[in-house]
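Student: Could you take me through some features of a structure and explain how each one is read?
Tutor: Gladly; let us look at the sequence and the structure together before we begin.

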Amino acid sequence: MKHQYIIIWISCILLLQACSSSNIETIVVDRTPSTPPAPEELEEEAPEIQGNILRIGEVNKITSLDPLFALNPASQRMIQLVYEGLVSLDEHDDILPAIANSWEISSDSLEYTFHLDRNISYHDDESFASGIGRQIRASDFKRAFERMASRDVPPNAAELFVDQIIGFEAYNNEQREVYLTEERTLDQIPGINAVNDSTLTFTLNEQDPYFLHKLATPFAVVYPEESLDNRTNGLKNHPVGTGSFTYNTSLGDTLHILNRNKNYHGTDENGAALPKLSRIEVLNTSNETNLFSKLALGQLNIIMELGPQMVRSLVNANNELNSSYRNQYELGVVDHDEPYIIQYNPNNIYNLDSGHASALAHSLAFDSLKAAYGNPSLQMAYRDNLVNDLSHLDDLHELFSLNQDSRRLIMGFGTDISSQILSAQIISAFRDKFNSALMNQRVLNRDIFLYLDQNIRYTPQDRAEHYPQEIMRFYNDRYILFNNELEGIKFNSYSWWVKLDHVTISELPS
């Protein structure tokens, strides 16, 4: 699996330092069904409507509302609200029906046959000729998977399936490498077959115990061809799906408003219609203090992921919410299996090798790093086979101490490399740069020596993934902060997954 390359410039770093497969046929059936802004700011931008309104704060940038361009957890959480796939996950990471209400797996586990719920329709949208959302079709999924191979979209989605589905690799390679359409010979992926409007099959090259999990990711959701063909910007700023919430509007890239899907097929355990919320507002800003101020003022109900600054202020050494906040807030703690990874570029122009990278990594004082970061769950791990030879630090000092040319990338250090630690803020900086530079600079250039990457997990298999040029990695828990009146929210171990269908907002006694 390939990941996004994120560049950390030396000037920025110095600034931050200062601051299991089955042999029998399996059948699954039965869907269960700073100075804060003025308090009225959000209400001026989006007048309230009757019913429960959930206001979410996201510190990470929502990059796109097109599933194939939504490449960070914040964007993918939005995708999960508007779109659906064949299957979904629950809070225990287990597979549940979604648009497919049943499926069969052949005895050799190589063919999956999905039966779609044909009562499910897309959201009403102007991209349809009548403005009314049509029924879902199996061919919609086939086209969505073929679009993954387009050279006009990032490769992340295709990489989940290209080695498993028969014919996907050849189709993907031709789409991305043969530039003239008339010279292409493949018009479909033979391992994906829309048998009829309600039946879809996948045929695999080999058994994949995580295939259903891959189908439950944000990359495998479905959308109508009309939304791509009849709108200039496609889905980027105007998503159309079958999910529990429908797109309303966006105010720039800072506020996204979703309404309850009144035609949603899901019900709760008592048969009552879902979702229970009437609207969701997602406020997107990198200013953590601003988000917390809005939460304190009642302008937000939840912050989906706390950054280092808020963790230091709110979370104690026992990994719990500080007692002074417990009468107002709940803290959700999710064991985070998605590390930040430091890698080196062997093709750098400085003739530096893994020994230099290893020496710099081993010079870090983890206790100081943990104290600076303020996250009690922070863990750091070196690559097992790295040799620790600190003599390499002299080479690094000679190359970089006198020349701070911003084109020359190195992990943060000052005038005395051996005494410096990697600032805890580098992890926060990575998050911000991951979002701001995601679609702008993805190429690993020769003037990059070390770079940060992120392993976003989509299947249980991803837990153990390592990279050939990996030097070290950081793990820390994910923290979610929400008001006490919020009930019914669900999370699982995947950073991009959240379930809001059952959420209600109760009135606290005065």
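**Reading rings, strands and loops**

Tutor: In this predicted model, one aromatic cluster is formed by Trp103, Tyr112, Phe114, Phe145, Phe161, Phe202 and Phe211.

Student: By what quantities is a pair of aromatic rings described?
Tutor: A pair of aromatic rings is described by the distance of the centres and the angle of the planes. With centres required to lie within 6.5 Å, the count here comes to 16 aromatic pairs. In one of them, the ring centres of Trp103 and Phe114 are 6.0 Å apart and the planes stand at 40 degrees, so this pair is tilted. Trp103 belongs to strand S5 (residues 100–105) and Phe114 to strand S6 (residues 111–116), so the pair ties together parts that are 11 residues apart in sequence. Trp103 and Phe114 are both buried. Another tilted pair is made by Tyr494 and Trp496, at 5.3 Å centre to centre and with 40 degrees between the planes.

Student: Are Tyr494 and Trp496 buried or exposed?
Tutor: The term buried applies under 20% relative accessible area. Tyr494, at 1% relative accessibility, therefore counts as buried, and Trp496 is buried as well, with a relative accessible area of 0%. Tyr494 has a further neighbour in Arg457, whose charged end sits over the ring of Tyr494, 4.2 Å from the ring centre.

Student: How do S5 and S6 pair, and over how many bridges?
Tutor: S5 and S6 pair in the antiparallel sense, over five bridges; Ala100, for example, has Leu116 as its bridge partner in S6. The hairpin of these two strands has five residues between them, and Ser109 takes a positive phi near 60 degrees there.

Student: In what order do the strands of the open sheet with S14 lie?
Tutor: It is an open sheet of four strands in the order S15-S17-S14-S16, with antiparallel pairing. Strand S15 (379–382) and strand S16 (450–454) stand at the edges with a single partner strand each, so one side of each is left without a neighbour in the sheet. From one strand to the next the twist averages 20 degrees. The pairing of S15 with strand S17 (residues 470–475) is antiparallel over four bridges, and Gln379 has Tyr475 as its bridge partner in S17.

Student: Which helix packs on this sheet?
Tutor: Helix H11 (residues 354–362) does, touching strand S14 (340–344), S15, S16 and S17, and the direction of H11 makes about 30 degrees with that of S17.

Student: How many residues of helix H9 are buried?
Tutor: Helix H9 (residues 288–296) is mostly covered, since seven of its nine residues are buried, among them Leu291, Phe292 and Leu295, but also Glu288 and Lys294. At the N-terminal end of H9, Asn287 acts as a cap, with a side-chain oxygen 3.1 Å from the backbone nitrogen of Thr289. After H9 comes Gly298, whose phi is positive, near 80 degrees.

Student: What is the sign of phi in most residues other than glycine, and are most peptide bonds cis or trans?
Tutor: Most residues other than glycine have a negative phi, and most peptide bonds are trans. In this model, Asn319 is not a glycine and yet has a positive phi of about 65 degrees; Asn319 is placed in the loop between helix H10 (308–314) and strand S13 (329–334). Asn351, also not a glycine, has a positive phi of about 60 degrees and lies in the loop between S14 and H11, where Asn351 counts as exposed at 69% relative accessibility. As for the peptide bonds, Leu274 and Pro275 are joined by a cis one, with omega about -5 degrees, and Pro275 has its place in the loop between strand S10 (255–260) and strand S11 (279–284).

Student: Which residues does Arg118 touch, leaving out those up to four places away in sequence?
Tutor: Arg118 touches Gln135, Ile136, Arg137, Asp197 and Ser198 on that basis. Arg118 lies in the loop between S6 and helix H4 (138–148) and, at 24% relative accessibility, counts as partly exposed. The side chain of Arg118 reaches the backbone oxygen of Ile136 at 2.3 Å. Arg118 and Ser198 are 80 residues apart along the chain, while their C-alpha atoms are separated by 6.3 Å.

Methods: Residues are numbered from 1 along each chain as its sequence is written. This is a predicted model: local features need pLDDT of at least 70, side-chain atom pairs count only at pLDDT 80 or more; totals for chains, interfaces and linings use all residues. Side-chain values use heavy atoms; hydrogens and water are left out. Rings of Phe, Tyr and Trp (its six-membered ring) pair if their centres lie within 6.5 Å; planes under 30 degrees apart count as stacked, over 60 as edge-to-face and the rest as tilted. Buried means under 20% relative accessible area, exposed over 50%, partly exposed in between (1.4 Å probe, protein chains only). A charge sits over a ring if NZ of Lys or CZ of Arg is within 6 Å of the ring centre and within 35 degrees of the ring normal. A polar contact is a pair of N or O atoms within 3.5 Å; within protein, one must be able to donate a hydrogen and the other to accept it, and residues adjacent in sequence count only if both atoms are side-chain atoms. Two strands pair if DSSP finds at least two bridges between them. Axes are lines fitted to C-alpha atoms, for helices over the stretch in contact, and angles run from 0 to 180 degrees between N-to-C directions. Contact means heavy atoms within 4.5 Å.
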